[in-house]
Amino acid sequence: MSLVIKLVLLAALLFSEWRLFELKDNLSKELEPLVTFLVTLAAYLGAEFWIAKKGGEKKVNGIEKKISNPNDLQLFKALTALFSEGVMHFYKEHDFGGSFDRKYLDPLFEFVDGWDNAHREFVDPALEKLRMEFFESAKNLSSSIVKNTTPNRHGHVSVVPDGMPSGPRPKHIIEEAKEMNNNASLFHQKYEALVRECKVSLFS
């Protein structure tokens with residue numbers, strides 16, 4: 001339908017231009033061709049704007065739906081593939097006062113190392129703002145884990161180093177675990193906010 005509208009208006013525009021050319025010596029006496037040309041031009045430009053606006057939408061069951069940006073959709077799929085439900089459940093529930101498997105760090109470090117470039121930015125400004133907030137929380141979490149943990153003899157990662165005497169934990173160990181727990185909670189919150197907004201923007 002949009003192509004038909006454009007063709008009709010373009011034909012009318014060309015006809016108006018021809019009429020202006022034919023009557024160019026009598027324009028002062030004959031204003032109708034000029035008015036027709038201007039009205040047709042305005043209608044054509046208006047149709048172009050309307051078609052461009054509708055170009056980002058599609059109909060599903062008679063309801064206009066926004067077409068998702070392919071770049072943003074691809075990034076969302078890559079993000080959720082990297083951070084599986086199991087990984088994010090770990091960061092939501094784990095107490096960093098205890099040891100844990102290093103496998104949970106791999107997605108975090110991969111994200112921090114590989115998602116700080118233009119190829120990993122959302123086109124949608126609202127999504128990009130949330131991605132940046134999530135990325136910042138990921139950097140803070142990864143930094144605190146690297147700073148406060150070491151591998152132990154069981155092959156896991158722990159805030160408590162091997163060889164520490166049994167008994168009450170030193171204050172600095174308690175504070176380090178608290179720091180990681182707080183960063184992990186914020187990391188999970190920022191991820192959830194980004195995923196929810198992506199679902200609204202890309203799939204509704």
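**Exercise 1.** Which exposure class does E192 fall into, and at what relative accessibility? Characterise its salt bridge as well.

*Solution.*
Step 1. The model is a predicted one. In it, E192 has a relative accessibility of 25%. Buried requires under 20% and exposed over 50%, so E192 counts as partly exposed.
Step 2. The side chain of E192 meets that of R196 in a salt bridge, with an N to O distance of 3.4 Å.
Step 3. Both E192 and R196 belong to helix α7, where they are four residues apart, about one turn of the helix.
Step 4. The partner R196 has a relative accessible area of 53%. The threshold for exposed is over 50%, so R196 is exposed.

**Exercise 2.** Find salt bridges that connect helix α6 with helix α7, and classify the residues in them.

*Solution.*
Step 1. The structure contains eight salt bridges. One of them joins E133 and K190, whose closest N and O atoms are 3.3 Å apart.
Step 2. E133 sits in helix α6 (residues 125-148) and K190 in helix α7 (residues 171-203); they are 57 residues apart, and the pair links distant parts of the chain.
Step 3. E133 is partly exposed at a relative accessible area of 27%, and K190 is partly exposed at 25%.
Step 4. A further salt bridge runs between K147 and E179, with 3.2 Å between the closest N and O atoms. K147 is in helix α6 and E179 in helix α7, so this pair ties together parts that are 32 residues apart in sequence.
Step 5. K147 is exposed at 56% relative accessibility, whereas E179 is partly exposed at 29%.

**Exercise 3.** Describe the lining of the largest pocket and state which element gives the most to it.

*Solution.*
Step 1. The space in the largest pocket is about 250 Å³.
Step 2. Its lining consists of 13 residues; E85, M88, Y191, E192 and V195 lie nearest the centre.
Step 3. Two elements give two or more residues to this lining: α4 (85-93) and α7. The most comes from α7, with six residues.
Step 4. By residue class, the lining has four nonpolar, four polar and five charged residues.

**Exercise 4.** Classify the aromatic pairs F83–F187 and F111–F134 by geometry, and give the burial of their members.

*Solution.*
Step 1. There are 17 aromatic pairs in the structure. In one of them, F83 and F187 have ring centres 5.6 Å apart and planes at 70°. An angle over 60 degrees counts as edge-to-face, and the F83–F187 pair is edge-to-face.
Step 2. F83 is in the loop between α3 (70-82) and α4, while F187 is in helix α7; the two are 104 residues apart, and their pair links distant parts of the chain.
Step 3. F83 counts as buried at 2% relative accessibility, and F187 is buried at 0%.
Step 4. For F111 and F134, the centre-to-centre distance is 4.9 Å and the angle between the planes is 45°, which makes a tilted pair. F111 lies in helix α5 (residues 105-114) and F134 in helix α6, so the pair ties together parts that are 23 residues apart in sequence.
Step 5. F111 and F134 are both buried.

**Exercise 5.** Which cluster do ring pairs form around these residues, and which residue lies over the face of W115?

*Solution.*
Step 1. Ring pairs link a cluster whose members include F83, F187, F111, F134, W115 and Y191.
Step 2. R120 lies over the face of W115, 4.5 Å from the ring centre.

Note on methods: Residues numbered from 1 in each chain as written. Predicted model: local features only at pLDDT ≥ 70, side-chain atom pairs only at ≥ 80, totals over all residues. Heavy atoms only, no water. Salt bridge = Lys/Arg side-chain N within 4 Å of Asp/Glu carboxyl O. Buried < 20%, exposed > 50% of the residue type's maximum accessible area, 1.4 Å probe, protein only. 1 Å grid on protein atoms, 1.4 Å probe; cavity = no way out; pocket = protein on both sides within 12 Å on 5 of 7 lines; lining within 4 Å. Points joined across faces, edges and corners; volume = space filled by probe spheres on them. Nonpolar A, V, L, I, M, F, W, Y, C, P; charged D, E, K, R; others polar. Phe/Tyr/Trp six-rings, centres within 6.5 Å; stacked < 30°, edge-to-face > 60°. Lys NZ or Arg CZ within 6 Å of the ring centre and 35° of its normal.
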